[in-house]
Amino acid sequence: MNLPRMAAVLVLSLAVAGGAQAQYDVLIRGARLLDGSGNPWRVASVAITGDRIAAVGLLPEATARRVIDGTGLYVAPGFIDTHSHAGGGLASASLSHGRPLLAQGITTVVVNPDGGGPIDLVAQRARLLEHGLGVNVAQLVPHGSIRREVVGMADRAPTVAELNRMKDLVGRGMEAGGFGLSSGLYYAPGSYSETEEVIALAKVAARYSGVYQSHIRDEADYNVGLVVAVDEVIRIAREAGLPGIVTHIKALGPRVWGFSEALVRRIEGARAAGVSVFADQYPYEASGTSIGGALIPRWAQADGRQALRDRLRDPSERARMREGVLENLDRRGGAGRLQISRHAPDPAIEGKTLQAVAEERSVHPADLTLQLLDAGGATLVSFNMEEADIRTLMRQPWTITASDGGLTEMGRGVPHPRYYGTFPRKIRKYVRDEGVLSLADAVRTMTSLPASVFGMADRGVLREGAFADVVVFDLERVADNATYSDPHQLADGLVYLFVNGRLAIDEGEFEAALHGRVLRRQWKN
Ligand SMILES: [Zn+2]
């Protein structure tokens, strides 16, 4: 302990011993306090000392080194983004600050979703900490990466020995502090897994109090169908004995619009029967994925990239792939509903729809798709959801807010606006403008709900003793400025943001110092 710090502790102890008023590091006075539980706001002050909340209440006598007047502002727990592709960016020198996340009020992200990301969580932790970290990070253990490591891209079940190796890798990730298992059963190679394999691996995560987060096998009618795919998550949660999360829940494409009601019934039914099932959702009508994920049939991806390239060269295989692409274009509502977000070989087409580029080049959109794949692939923003489904799913008390966004260099590509606007958009559009949720309920889906589902100790709530991840915002000024055509826009409305008790945003300006940590799931008794 350094001398000034010792002196401060001494002064504090003397003050408390003498019955005088408490002296805190920070005092946020008189804001409308939302504690994260869903309770309506009340006017209260929040005191911070070190990295923890020292007191919550009216605190009329309290003093602090820094006093913030919260009059007219809301104070809430920092937001938790449970589906984030920001892991790679946060580990890089140029993006470790995570400013597009901080500007949304995000103080913690959960990385390695969809079964992707590194297997070695210890090494990932070191990379995340190398350049400092603007936000806290919780890691998931990625099923798809583990399968690729052990079984490769083969479309088959693992042998007994292979399954044991996969279980061992899941166990190692959980031992390293992982918060659960993620899978992407829609994507290759996750799609080659049977349910039993996932149950066996989820059981390992369950031993460490982990969750199971699933990008489900089918969000439309690609294979088993949307409802059966949600049933699969319920079965895994029940048989493995852990919380199951249907991540970025949606009804994808015109063929399944309106199915949200059926999903709610399935999940409610499972919950009534004692199965712990949740969902998360981003508040946008478009999803985002790779051109391969959205449009290329899975059989064509078996055995890896070279096999895919070989199939593209073979005229009859290429024709068969084209048939699959045609079907998938229809599933997603046509080429006019697919916007190219990133295509490194030709950035000039970024931001345009597949339909528009196909017309420019006088080719059929299905052929353009295969050409782009051949040229190195592309990512897409896919306009495939209906507002009524979004609202139905958003209103459920078990639906968490999550972005499915990531971090990218400002100005690179035309990414999905959820990278910059998810949390403020939900507050601006669905709370303030349209009243789909109350502010207290929306904040709950961003704070205490994800913290309790994922077992993040002492986060997601504003109470004495919790970590001081704290957001202070001006409801009238909350704005998601990112749009589909111009997404590289930071959000507005955040006035102050604390990460582990330290200011990350002060009067709307970013602080240079970074205060995030890599969290560990606490599972030992
Ligand atoms: Zn996903």
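Which residue takes a positive phi just after H4? The close-ups below come from a predicted model, and the first one holds the reply.

**View 1. Helix H4 and its two ends.** Just past H4, Gly 132 has a positive phi of about 80°. At the N-terminal end, the cap is Asp 120, with a side-chain oxygen 3.1 Å from the backbone nitrogen of Val 122.

**View 2. The buried and exposed faces of H4.** Look along H4 (residues 121-130) for its buried residues, Leu 121, Gln 124, Arg 125 and Leu 128. They sit on the same side of H4 because they cover an arc of only 105° around the axis. Their cover includes helix H2 (87-90), strand S7 (106-111), strand S8 (136-139), strand S9 (141-142) and helix H6 (160-175). On the face turned away from this buried side, you will find the exposed residues Val 122 and Glu 130.

**View 3. The zinc ion and its protein donors.** Asp 114 is listed with two OD donors, joined by His 215 (ND1) and His 248 (NE2), at 2.1 to 2.7 Å from the zinc ion. Angles among the four donor atoms run from 52 to 148°, and the site is irregular. The two histidines link distant parts of the chain: His 215 belongs to strand S11 (residues 211-215), while His 248, 33 residues apart from it, lies in the loop between strand S12 (244-246) and helix H9 (260-272). Both His 215 and His 248 are buried.

**View 4. The largest nonpolar core.** This core has 61 residues, and Val 170, Tyr 212, Val 246, Val 453, Phe 454 and Met 456 have the most contacts inside it. Helix H8 (residues 226-240) gives the largest share, nine residues. Apart from this core lies another, of 48 residues, including Leu 34, Phe 79, Leu 133 and Met 385.

Definitions and conventions:
Residues numbered from 1 in each chain as written. Predicted model: local features only at pLDDT ≥ 70, side-chain atom pairs only at ≥ 80, totals over all residues. Heavy atoms only, no water. Core = buried A, V, L, I, M, F, W, Y, C linked by side-chain atoms within 4.5 Å. Buried < 20%, exposed > 50% of the residue type's maximum accessible area, 1.4 Å probe, protein only. Helix = DSSP H or I, 4+ residues; strand = E, 2+ residues; numbered from the N terminus. Donors = N, O, S within 2.8 Å, 3.2 Å for Na, K, Ca; no water. Tetrahedral: all angles 85-135°; square planar, octahedral: opposite > 155°, others 65-115°. Arc of directions from axis to C-beta. Contact = heavy atoms within 4.5 Å. Polar contact = N/O pair within 3.5 Å; in protein donor to acceptor, adjacent residues only side chain to side chain.
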